[in-house]
Amino acid sequence: MKEYQEASRDSPSTDFDLIIVGAGISGINTAYYLENYSPGTSYTILEVRSRIGGTWDLFRYPGIRSDSDMMSFGFSWNPWTKEEKLGNGDQILAYMQQSAELYGIDKNIRFNRKVIWADWSTASRSWSLTVSNSQGETQTYHAKFIVLGTGYYDYERPLETTIPGLNNFSGPVIQPQFWPEHLDYSGKDVVVIGSGATAVTLVPSMAERVKSITMLQRSPTWIIAAPKVHTESSFFVKLINRFLPSGAARWFKRLRSIFWGQFFYTYCMIFPDKVRRLLQEATIRQLPANISWNPHFNPRYGVWKQRLCLSPGGDFYAALRSGKANVITDTIENVTSTEIQLASGQTVQPDIIIAATGLKLQFGGGIKLSIDGREIDVAQKYTWKGAMIQDVPNLMFVFGYANASWTLGAEVTGQLLVRLLRLLKRRGAEVAVPRLDNPGAMRRGDVFNLSSTYVQTANSLFPRAGSGYWNHKRNYLFDILDAQFGSVTKGLSIE
């Protein structure tokens, strides 16, 4: 993977039509749409890290991989071609680098650039961005429009969790977000606290080298064994492979992945009890005799009330059957220098503790936003189509889906962006700002339709969810059609 020098590929200019913040999935996808559907728009990408990748460059823990089918996680304009259904971190980084190079996007990235503050000037109808480099020097950039492709969590600080006595532990306490490069866990007894996607990834990935590894959870989650590779054996796949060119075949396979993902989510919402029974039976078939479904795999919530955890090839269950991995469902009473004491009276003596307890949510990479010097509290504003913010001019943010891949949300926003830019150009206008006539009458909803504890904090951090076009993206198939063919003026003041 390429490393970039501080000033590599910098041009003297700091004035652009549009500035993208972040060179991850969101930023690269936005740049593609600008390159191909808004020719002549000058832009740059400001990236705080020294490499492309965002999340996929930051996370280095064992087994790091996607938790969505790569058919939909990959870009529509550069389809994923590897056989793996869930790509690993190195594969995804290489894929993102190749995608950026394919359209010359990499030449427009400025690395080691952290946006601290963005202020909109009503007089000049433009944004001024205060940007620092890795030496702490600041510079001011200007743009007519900005797009925040910064993800939804804090890259610098982990989620603070209250685990009684954790500071007493004499061994290593690891945050997966900041995995030590040279951590040696061979022959060690490891406890992973948590039951989300990170924990479900770590357990099988570490099981072969450790002496033992235990997933210690307060409550269980839904863990579904997914095929490790994309199957080519179905009649439908054989048919399209035979009669369609490779590009069209990949498009149909991607559409099929998206459709079935949405179908399964909808089915879970309509028939929750039936889905629960089906998943219970599937899980029991994969468990060893010494580990019971209840309480360890019997979540208190319905399927898709929180994100599902995928296990490629059932590797999580295979680790349990090997005898190297175990699951404990209990509450931590205290941590001493050598052991974890549980409410049931049981104790665990780990050499290493991994706190896989979630991410600290953050909007816009922590950038301070203001209009004419007056700071904006985005959590007090409604979102427009899950992409713009009430009363904030010429700014879009990229958000994915709670029940589908992040990339799908990025592509909806990319298409919406270029349509809006073309509209402004046709009308000879410079400003688009969402205006809500009566915010007090709007019924407020949740940012994410999930019950996860840390996700619920999103309502106090992210732009509000309302109804109609004052809502976050919920259904890709509807949203992409709206982005392509729906109105880009309703709810917007074009000036």
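**Close-up views of a predicted model**

**View A. D154 and its salt-bridge partner.** With a relative accessibility of just 2%, D154 counts as buried, since the cut-off for buried is under 20%. Bear in mind as you look around that this is a predicted model. D154 pairs up with R157 in a salt bridge, and their closest N and O atoms sit 3.0 Å apart. R157 comes out at 39% relative accessibility, so this residue counts as partly exposed. R157 also forms a salt bridge with E156, this time with 3.6 Å between the closest N and O atoms. E156, at 47% relative accessibility, is partly exposed too. Elsewhere, salt bridges with shared partners tie R49, R51, D57 and R60 into one network.

**View B. K85 and D69, a salt bridge between loops.** The count of salt bridges comes to 15. One of them joins K85 to D69, with the closest N and O atoms 3.3 Å apart. This pair links distant parts of the chain, 16 residues apart: K85 belongs to the loop between α3 (70-73) and α4 (89-102), and D69 to the loop between α2 (55-58) and α3. Is D69 buried or exposed? At 13% relative accessibility, D69 counts as buried.

**View C. Helix α8 and its buried side.** Helix α8 takes in residues 272-286, and at 1.5 Å a residue its 15 residues should span 21 Å; the end C-alpha atoms are in fact 21 Å apart, so the two agree. Its buried residues are V275, L279, T283 and Q286. Their arc around the axis is only 65°, which means they lie on the same side of α8. Why does that kind of spacing work? An α-helix makes a turn every 3.6 residues, so residues three or four places apart point the same way. Over on the other side of α8, D273 and R285 are exposed. The cover on the buried residues of α8 includes β10 (223-226), α7 (246-270) and α9 (315-322).

**View D. A nonpolar patch with a residue from α7.** Which residues make the nonpolar surface patch of about 290 Å²? W251, F252 and L255 do. You can find W251 in helix α7, a helix that also helps cover the buried residues of α8.

**View E. Helix α9 among its neighbours.** In α9, the buried residues are F316, Y317, A319 and L320. They cover an arc of only 155° around the axis, so they end up on the same side of α9. What do these buried residues pack against? The list runs through α5 (197-207), β9 (212-217), β10, α8, β11 (309-312) and β12 (325-329). Just past α9, look for G323, which adopts a positive phi of about 90°.

**View F. L421 and its contacts from far along the chain.** L421 is part of helix α10, residues 406-427. At 16% relative accessibility, L421 counts as buried because the cut-off is under 20%. Leaving aside residues up to four places away in sequence, L421 touches L18, L34, S38 and F145. Take S38 from that set: S38 and L421 are 383 residues apart along the chain, and their C-alpha atoms are separated by 7.4 Å.

Notes. Residues are numbered from 1 along each chain as its sequence is written. This is a predicted model: local features need pLDDT of at least 70, side-chain atom pairs count only at pLDDT 80 or more; totals for chains, interfaces and linings use all residues. Side-chain values use heavy atoms; hydrogens and water are left out. Helices (H or I, at least four residues) and strands (E, at least two) are DSSP runs, numbered from the N terminus. The expected span of a helix is 1.5 Å times one less than its number of residues. Buried means under 20% relative accessible area, exposed over 50%, partly exposed in between (1.4 Å probe, protein chains only). The arc is that of the directions from the helix axis to the C-beta atoms. Contact means heavy atoms within 4.5 Å. Patches are made of residues with over 30% relative accessible area and no salt bridge: like charges are joined within 9 Å, nonpolar side chains (Val, Leu, Ile, Met, Phe, Trp, Tyr) within 5 Å. Accessible areas come from the Shrake-Rupley method with a 1.4 Å probe; for residues, only the protein chains shown count as cover. A salt bridge is a side-chain nitrogen of Lys or Arg within 4 Å of a carboxyl oxygen of Asp or Glu.
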